[in-house]
Amino acid sequence: MIRVLGIETSCDETAASVVALEGDAAPKILSNIVLSQIEEHAAFGGVVPEIAARAHVEALDGIVEAALADSGVALADIDAIAATAGPGLVGGLIVGLMTAKAIAAAAGKPLIAVNHLEGHALTARLTDGLEFPYLLLLVSGGHTQILAVRGVGDYQRWATTIDDALGEAFDKTAKMLGLPYPGGPNVEKAALSGNASRFAFPRPMKGSAQPDFSFSGLKTAVRQAATAIEPLSDQDVADICASFQAAVADALADRVSRALARFRKTFPGTKNPALVVSGGVAANRAIKATLERLCTENGFNFVAPPLKLCTDNAAMIAWAGIERLREGMAQENGFDFVPRPRWPLDSVSTPMVGSGRRGAKA
Ligand code: KG4
Ligand code: ZN
């Protein structure tokens, strides 16, 4: 039996969780507490790093206590503490990692410094017991990447955004149209009553042999369309949202279909190839439906973990800790680990200019 306490503070969620693994049984999430700071940042239309760090300091002790209490596991019976050590906003990372170090030191437990993106990458094994290798599409407010997940600690980045992250494009579009923060869910809601063919927005990178994403041109096209017909009626806003979402879904489908083909070539022996989608944008039903169709057409399983585990949480961090412990891959001394605001999963791929980091939110 391995039981790990996970801590996540890399952006605007303060989270703690206990996950347990016993023998060959499916892992169990014994507790999973997430405190969102959305309200604290809403007035500013985005995450303010200083406010985020202060909010983590105020909340984290109580959240950890609650996660332990909920799990019914005493700290003495926890095998290790796993905390997000990057990438993300440095203030939050310091709060989470230092708290984890203090708890681990006081309780005499090992400390595992976890890469937040590895948490997202391995979630499908926690929820669906997925076997390696598989393909991951990570679409959040800070990242838009396609990764080939080959094993614990073995990731290859096949595509990334060369400018904005997809969630960021949703948030900026919402802001331009006067919709409240966070923009994604509000754009999706408005799109429901809109005409997706009224505006012919560009499908960025569609047809390009280069695998990457780009969304800033689309954002500009939205701004120009909105400016041209101002003042906007509710119907105009709905039509722009629907047309924007259709362009995004189309562009994603083009990019992902290339990755599916590459996956087949790279891992020809894989019996049940799978595409996993993770990150806040995975909540979008239109995008999900497009990806699901694409997977069916290409003989891939489509795996979308429950939304609570797709967005930022600490169960994925505890789980990454368990995977590392099990493989003997935890740092020998996590206490030496210094927070890394930038920490690519795949250190071989060259970093992209911009790379869709709004304060490095993942
Ligand atoms: O993964 P997440 O909760 O936080 C991080 O970025 O780490 O993702 C938040 C992003 C925001 O940009 C938000 O606007 C977007 O996900 N989002 C959506 C939807 N729900 C959240 N985008 C499109 N459609 C949605 N329904
Ligand atoms: Zn994230």
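The following dialogue examines how several descriptions of this predicted model are justified.

User: Why is R125 called buried?

Analyst: Buried means under 20% relative accessible area. R125 has 13% relative accessibility, and therefore R125 counts as buried. This residue lies in helix α4, which spans residues 116-128.

User: What is R125 in contact with, leaving aside its neighbours within four places in sequence?

Analyst: Contact means heavy atoms within 4.5 Å. With neighbours within four places set aside, R125 is in contact with P27, L130, E131, F132, Y134, W319, E323 and R326. In addition, the C-alpha atoms of R125 and P305 are separated by 9.5 Å, although these residues stand 180 residues apart along the chain.

User: Why does M98 count as partly exposed?

Analyst: The class of partly exposed residues lies between the limits of under 20% for buried and over 50% for exposed. M98 has 45% relative accessibility, so M98 counts as partly exposed. M98 is found in helix α3.

User: What makes the nonpolar surface patch that includes M98?

Analyst: A patch is made of residues with over 30% relative accessible area and no salt bridge, and nonpolar side chains are joined within 5 Å. Here V90, I94 and M98 make a nonpolar patch of about 250 Å².

User: Why is β7 described as largely enclosed by the rest of the structure?

Analyst: A residue is buried at under 20% relative accessible area. Seven of the eight residues of β7 are buried, and so the strand is largely enclosed by the rest of the structure.

User: How do you know that β7 pairs with β6 and with β8?

Analyst: Two strands pair if at least two bridges are found between them. Six bridges join β6 (residues 134-139) to β7 (residues 144-151), and these strands run antiparallel. Six bridges also join β7 to β8, again in an antiparallel arrangement. Between β6 and β7, L137 stands opposite I146, and Y134 stands opposite V149. On the other side, R157 in β8 is the bridge partner of L147.

User: What lies between the strands of the two hairpins that contain β7?

Analyst: The hairpin of β6 and β7 has four residues between its strands. The hairpin of β7 and β8 has two residues between the strands, and G153 takes a positive phi near 75° there.

User: What makes β8 and β10 edge strands?

Analyst: These strands belong to an open sheet of five strands in the order β8-β7-β6-β9-β10, with mixed pairing. β8 (154-160) and β10 (301-303) each pair on one side only, and they are the edge strands. From one strand to the next, the twist of this sheet averages 25°.

User: Which strands form the open sheet that includes β1?

Analyst: Five strands form that sheet, in the order β3-β2-β1-β4-β5, and the pairing is mixed. Its edge strands are β3 (28-36) and β5 (111-115), each of which pairs on one side only. Neighbouring strands are turned by 20° against each other on average, direction ignored.

User: How do you know that β2 and β3 pair?

Analyst: At least two bridges are needed for a pair. β2 (residues 13-21) and β3 are joined over eight bridges in the antiparallel sense. One position within this pair is A16, which stands opposite I33 in β3.

User: Which helices lie on or across this sheet?

Analyst: Helix α2 (residues 49-71) lies across β1 (2-8), β2 and β3, and runs at about 25° to β2. Helix α3 (residues 90-107) packs on the sheet and touches β1, β4 (80-86) and β5, with a direction that makes about 160° with that of β4.

Note on methods: Residues are numbered from 1 along each chain as its sequence is written. Chains are lettered from A and ligands numbered from 1 in the order in which they are written. This is a predicted model: local features need pLDDT of at least 70, side-chain atom pairs count only at pLDDT 80 or more; totals for chains, interfaces and linings use all residues. Side-chain values use heavy atoms; hydrogens and water are left out. Axes are lines fitted to C-alpha atoms, for helices over the stretch in contact, and angles run from 0 to 180 degrees between N-to-C directions. Patches are made of residues with over 30% relative accessible area and no salt bridge: like charges are joined within 9 Å, nonpolar side chains (Val, Leu, Ile, Met, Phe, Trp, Tyr) within 5 Å. Accessible areas come from the Shrake-Rupley method with a 1.4 Å probe; for residues, only the protein chains shown count as cover. A salt bridge is a side-chain nitrogen of Lys or Arg within 4 Å of a carboxyl oxygen of Asp or Glu. Buried means under 20% relative accessible area, exposed over 50%, partly exposed in between (1.4 Å probe, protein chains only).
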